[in-house]
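Please look through the sequence and the structure below before reading on. The paragraphs that follow start from a single side chain and then move to the overall layout, the nonpolar cores and the charged pairs.

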Amino acid sequence: AINFATQAKDFGVLDKVFVGSVSFVTDGNVKTLGPIAKGIWGIINYSSTLDAPGNKAFVAAWKKAYNGDEPTNFQGETYMGMQVIFQAVERAKSVKPVDIAKVMSGGTFDTILGRFPIRAEDHQMVGPNFFGYIGEQGGKLRPIIATTIPADVATPPPTGTCNMGSL
């Protein structure tokens with residue numbers, strides 16, 4: 001992403017072509033690229049700007065602990081993942097992976113973004129997806145969420161047509 005954006009900017013591509021990516025719109029890329037990243041669109045897995053009560057509390061606690069810095073997308077994603085794992089360990093009353101996996105499948109878990117189920121059919125956590133761009137907000141260049149795709153649209157139920165298990 002870094003090399004692509006730098007070279008695309010040098011050749012004027014970013015001024016002429018809509019650029020979007022799966023893992024481009026991250027806090028780390030914004031920090032590294034600076035103004036070059038402005039206007040690039042993509043999937044945003046987590047942002048400190050997400051408007052959810054749990055996220056607001058998480059961001060406030062993070063800023064207090066880390067001299068005013070906001071959590072990055074990777075820190076927010078990791079925190080949510082650990083929330084789920086810790087809840088699963090408590091429910092399983094075990095740290096054995098097989099015990100944890102059993103309680104995760106079909107369970108519902110509280111995260112900083114809300115309460116989300118993990119489907120037993122495909123072990124997929126069902127939550128909204130976010131799409132946005134790199135722009136200025138609050139005097140800072142950052143990923144900005146422009147669209148939220150509802151969980152039922154972003155993660156449709158399995159149809160049973162997948163044959164990967166039979167390969």
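Is Lys 102 buried or exposed? In this predicted model, Lys 102 is exposed because its relative accessible area is 59%, and a residue counts as exposed when that value is over 50%. Lys 102 belongs to helix H6, which covers residues 97-104. Along the chain, Lys 102 and Ala 120 are 18 residues apart, and their C-alpha atoms are separated by 9.3 Å.

The next step is the overall layout. The protein contains 7 helices and 6 strands. Read from the N terminus, the order of elements is α-α-β-α-β-α-α-α-β-β-β-β-α. Along the principal axes, the C-alpha atoms occupy a box of roughly 55 × 45 × 25 Å. Taking the contacts between residues at least 6 apart in sequence, 47% connect residues that are at least 24 apart.

Of the 167 residues in the protein, 32% are buried. The accessible surface amounts to about 10,300 Å², and carbon and sulfur atoms account for 58% of that area.

What lies in the interior can be described through the nonpolar cores. In soluble globular proteins, nonpolar side chains tend to be buried together. The largest nonpolar core here has 23 residues, and the members that touch the most other members are Phe 24, Ile 40, Tyr 46, Phe 58, Ile 112 and Leu 113. Helix H1 (2-10), helix H3 (27-33), helix H4 (53-65) and strand E5 (129-137) are the elements that each supply two or more residues to this core. H4 provides the largest share, with 3 residues.

Which residues does Leu 113 touch, leaving out those up to four places away in sequence? The list is Leu 50, Ala 52, Asn 55, Met 80 and Phe 130. Apart from the largest core lies another core, of 5 residues, including Ala 88, Ile 100, Phe 109 and Ile 118.

The charged side chains come next. The protein has 15 positive and 14 negative charges, and the mean positions of the two sets are 4 Å apart. How many salt bridges does the protein have? The count is 7.

One of these salt bridges pairs Asp 15 with Lys 9, with 3.5 Å between the closest N and O atoms. The two partners fall into separate exposure classes: Asp 15 is exposed, at a relative accessible area of 60%, whereas Lys 9 is partly exposed, at 33%. The classes follow from the cut-offs, because partly exposed covers the range between under 20% for buried and over 50% for exposed.

A salt bridge also links Lys 56 to Asp 51, where the closest N and O atoms are 2.8 Å apart. Both Lys 56 and Asp 51 are exposed. Arg 115 and Asp 110 form another salt bridge through their side chains, at 2.9 Å from N to O. Asp 110 counts as partly exposed because its relative accessible area is 37%. In addition, Lys 63, Glu 70 and Arg 142 are joined into one network by salt bridges that share partners.

Definitions and conventions. Residues are numbered from 1 along each chain as its sequence is written. This is a predicted model: local features need pLDDT of at least 70, side-chain atom pairs count only at pLDDT 80 or more; totals for chains, interfaces and linings use all residues. Side-chain values use heavy atoms; hydrogens and water are left out. Helices (H or I, at least four residues) and strands (E, at least two) are DSSP runs, numbered from the N terminus. Buried means under 20% relative accessible area, exposed over 50%, partly exposed in between (1.4 Å probe, protein chains only). Contact means heavy atoms within 4.5 Å. Accessible areas come from the Shrake-Rupley method with a 1.4 Å probe; for residues, only the protein chains shown count as cover. Lys and Arg count as positive and Asp and Glu as negative; His and the chain ends are not counted. The place of a charge is taken as NZ of Lys, CZ of Arg, CG of Asp or CD of Glu. A salt bridge is a side-chain nitrogen of Lys or Arg within 4 Å of a carboxyl oxygen of Asp or Glu. A nonpolar core is a set of buried Ala, Val, Leu, Ile, Met, Phe, Trp, Tyr and Cys residues joined through side-chain atoms within 4.5 Å.
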